[in-house]
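Here are my notes on the model you sent, set out point by point. I begin with a helix and then turn to a pocket and a loop residue.

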Amino acid sequence: MESHPNVVAVREALEAAGAHTSEVVVLDDAVHTAVAAAEALGVEVGQIANSLIFDAEGEPLLVLTSGAHRVDTAKVAAGLGIAKLRRATPEFVREHTGQAIGGVAPLGHPKPVRTLVDVDLEKFDVIWAAGGVPRAVFPISYAELVRVTDGTPAEVA
């Protein structure tokens with residue numbers, strides 16, 4: 001699993017961005033939810049950065065949100081000045097990230113994706129994000145997550 005193309009892409013993207021670490025941890029089992037990831041890692045569910053792709057009027061939008069809550073799509077759409085933000089289809093997600101739902105990483109995509117980073121994640125010293133497949137995760141700080149994704153801090157809940 002460590003040599004899976006998506007895991008390699010995430011590791012290489014972290015290295016290219018000069019991240020503090022490019023360590024990607026492969027867990028024993030797939031963790032498709034923030035609760036499952038938190039349990040597997042022994043951390044708070046809020047420390048899990050859910051990577052959610054939305055269809056923002058035909059363009060992909062990646063929202064990295066704390067696993068402790070849900071994205072308020074109306075609020076995010078209003079903040080972006082668009083009429084509606086829709087949950088993306090699995091095909092749309094794969095087309096724009098090269099990754100499947102449940103393992104979408106914040107980086108390592110074929111081309112950059114506009115990214116919002118939940119300000120609630122800032123309260124944690126270490127955040128865990130998906131590593132390109134449902135069994136892979138990596139640790140990162142909030143500031144570094146914003147930097148390596150070229151993300152915009154935002155209230156998303």
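**Notes on the predicted model**

1. In α1 of this predicted model, the residues N6, V7, V10 and L14 are buried. These residues cover an arc of only 105 degrees around the axis, which puts them on the same side of α1. This fits the general rule that an α-helix has 3.6 residues a turn, so residues three or four places apart point the same way.

2. On the other side of α1, P5 and A16 are exposed, whereas the buried residues of α1 pack against β7.

3. The length of α1 (residues 5-16) also agrees with expectation, because twelve residues at 1.5 Å a residue should span 16 Å, and the end C-alpha atoms are 16 Å apart. The helix α1 is followed by G18, whose phi is positive, near 70 degrees.

4. The largest pocket has a volume of about 590 Å³, and of the 32 residues that line it, H32, T33, N50, S51 and L52 are the closest to its centre. The elements that give two or more residues to this lining are α2 (34-41), β2 (48-56), β6 (127-130) and β7 (136-140), with β2 giving the most, seven residues. By residue class, the lining of the largest pocket divides into 20 nonpolar, ten polar and two charged residues.

5. K84 lies in the loop between α3 (73-80) and β4 (86-87). Leaving aside residues up to four places away in sequence, K84 touches D55, E57 and A77. The C-alpha atoms of K84 and T21, which are 63 residues apart along the chain, are separated by 36 Å.

Terms used: Residues are numbered from 1 along each chain as its sequence is written. This is a predicted model: local features need pLDDT of at least 70, side-chain atom pairs count only at pLDDT 80 or more; totals for chains, interfaces and linings use all residues. Side-chain values use heavy atoms; hydrogens and water are left out. On a 1 Å grid over the protein atoms alone, a cavity is a set of points where a 1.4 Å probe fits but cannot get out, and a pocket is an open set with protein on both sides within 12 Å along at least five of seven lines; lining residues have an atom within 4 Å of a point. Grid points are joined across faces, edges and corners, and a volume is the space filled by probe spheres set on the points. Helices (H or I, at least four residues) and strands (E, at least two) are DSSP runs, numbered from the N terminus. Ala, Val, Leu, Ile, Met, Phe, Trp, Tyr, Cys and Pro count as nonpolar, Asp, Glu, Lys and Arg as charged, and the others, Gly among them, as polar. Contact means heavy atoms within 4.5 Å. The expected span of a helix is 1.5 Å times one less than its number of residues. Buried means under 20% relative accessible area, exposed over 50%, partly exposed in between (1.4 Å probe, protein chains only). The arc is that of the directions from the helix axis to the C-beta atoms.
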